[in-house]
Amino acid sequence: MPVFSRVLRRAYVALAELTWSALLLMLVAHFLVSWLLLALAGESALTDDAVGFVYYYMVTATTVGYGDLSPSSDAGRLITALWILPGAIAIFTATLGKLLSGISEVWRRKMKGLGDYHGREGHLVVLGWQDGTSRALLELVAGERTEDEPLPVLIAKSIEDNPMPGEIDFVKAQRLADPQALERAGAKGARSIVVRGENDDETLAAALVATTVCPSSHVVAHFEYQATADILSRQAERVETITSLSSELLVRSARDPGSSKVAKLLLSAASADTAYSIKVPEGAGPITYEQALTGLRKGYRATLVGIGQNGMVDLNCLDDVTISSGDTLYYICDHRLDGASFDWSKLNGAPR
């Protein structure tokens, strides 16, 4: 009896909560009883053909009622009117409602930051939310995002709902330096991770965790104070640290009028002339700086301004400097050049 009581209790809970197993059991039971009643009523035209009965049952349950199959006897009509039609419609409606409820629940969970994007790759992950600056940052990201690039994922602890639904995905975290939040955001497969906490201490901790958990992702961290940025650079050399350039821009604009406008053009993807970078792939070099400068200008209407080698950036290089595989070219163009379709033979004059 205890076993029977447990089974009965579980069945009661399943029916009360209307689980998928309970719905399936109700559907099978109603389907079989419907077939049996019609068979007893002599409706052989409906019950002898299994496919035909399934078709009849479904068009009845969905109230489509094409009319090509219907009971011919009074008993069959009563069974359909009093048993099959009400029961099938009730089960169909309950199934549809549960399905819509499940979809709505998934959407609500994502809005609340409870979604899981651990399998996502090639996207951007942003740690930290400050209403003005973070929104502007993500709007700039949206402006550069290609159609086939996944949505960026925001990890934040100070908000309850996705602040930009449809433009970003959201992961709610108790703290930014949370490995589980990074995993849910798919940070291991991310193209880049941008860290900007409420203060430099939070940014430092989050950036250190990000570099440990995501060894192949490029990490960029924003700091208010250069001293804290230097600490992170010593601990994790591959992290790109950024501090405010307002003082430098003020001085440069005072000495060289228009410098701030130039800086804005170079950094904004919304402008026609923006600074981009592209990495030299294996087997594409070596070439000289002069070859790259000329090839980019003639082949892509882009202006080479410098190269990155061994973690150092050199602008306005000498013409005979050698560029090899693994180096980075920094250029100005009206759009980002696609590295996958980039024709490196245009730079070194090799046959195409």
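## The four-stranded sheet

In this predicted model, four strands form an open sheet with antiparallel pairing, in the order β7-β12-β9-β10. Its edge strands, each paired on one side only, are β7 (274–279) and β10 (312–315). On average, neighbouring strands of this sheet are turned by 25 degrees against each other, direction ignored.

The pairing of β7 with strand β12 (residues 328–333) is antiparallel and runs over six bridges. Within it, K279 stands opposite T328 of β12. Helix α12, made of residues 289–300, packs on this sheet and touches β9 (303–309) and β12. The direction of α12 makes about 135 degrees with that of β9.

## The six-stranded sheet

A further open sheet has six strands with parallel pairing, ordered β3-β2-β1-β4-β5-β6. Here the edge strands are β3 (169–172) and β6 (240–243), and each of them pairs on one side only. From one strand to the next, the twist averages 20 degrees.

Strands of a sheet pair through backbone hydrogen bonds, in either a parallel or an antiparallel sense. Strand β2 (residues 153–156) is joined to β3 in the parallel sense over four bridges. A156 has K172 in β3 as its bridge partner.

## Helices on the six-stranded sheet

Helix α8, residues 200–213, packs on the sheet and touches β1 (124–127), β4 (192–195) and β5 (218–223). Between the direction of α8 and that of β5 the angle is about 175 degrees.

Helix α9, residues 226–235, also packs on the sheet, where it touches β5 and β6. The direction of α9 makes about 180 degrees with that of β6.

## Cavities

Rolling a probe the size of a water molecule over the atoms shows where empty space is left. The structure holds two cavities of 30 Å³ or more. The largest cavity has about 50 Å³ of space. Its lining consists of G128, W129, Q130, A156, K157, S158, L176, E198 and E202. Sorted by class, these lining residues are three nonpolar, three polar and three charged. One of them is A156, the residue that has K172 of β3 as its bridge partner.

The second largest cavity has about 30 Å³ of space. V126, G128, S134, L137, V194 and R196 form its lining. Three of these residues are nonpolar, two are polar and one is charged. G128 is in the lining of the largest cavity and also in that of the second largest cavity.

## The second largest pocket

About 160 Å³ of space lies in the second largest pocket. The residues that line this pocket are W20, L23, L24, L27, M58, A61, A88, I91, F92 and T95. By class, nine of them are nonpolar, one is polar and none is charged.

Which elements each supply at least two residues of this lining? They are α2 (20–40), α4 (50–61) and α5 (74–111).

Note on methods. Residues numbered from 1 in each chain as written. Predicted model: local features only at pLDDT ≥ 70, side-chain atom pairs only at ≥ 80, totals over all residues. Heavy atoms only, no water. 1 Å grid on protein atoms, 1.4 Å probe; cavity = no way out; pocket = protein on both sides within 12 Å on 5 of 7 lines; lining within 4 Å. Points joined across faces, edges and corners; volume = space filled by probe spheres on them. Nonpolar A, V, L, I, M, F, W, Y, C, P; charged D, E, K, R; others polar. Pairing = 2+ DSSP bridges. Axes fitted to C-alpha atoms, helices over the stretch in contact; angles between N-to-C directions. Contact = heavy atoms within 4.5 Å.
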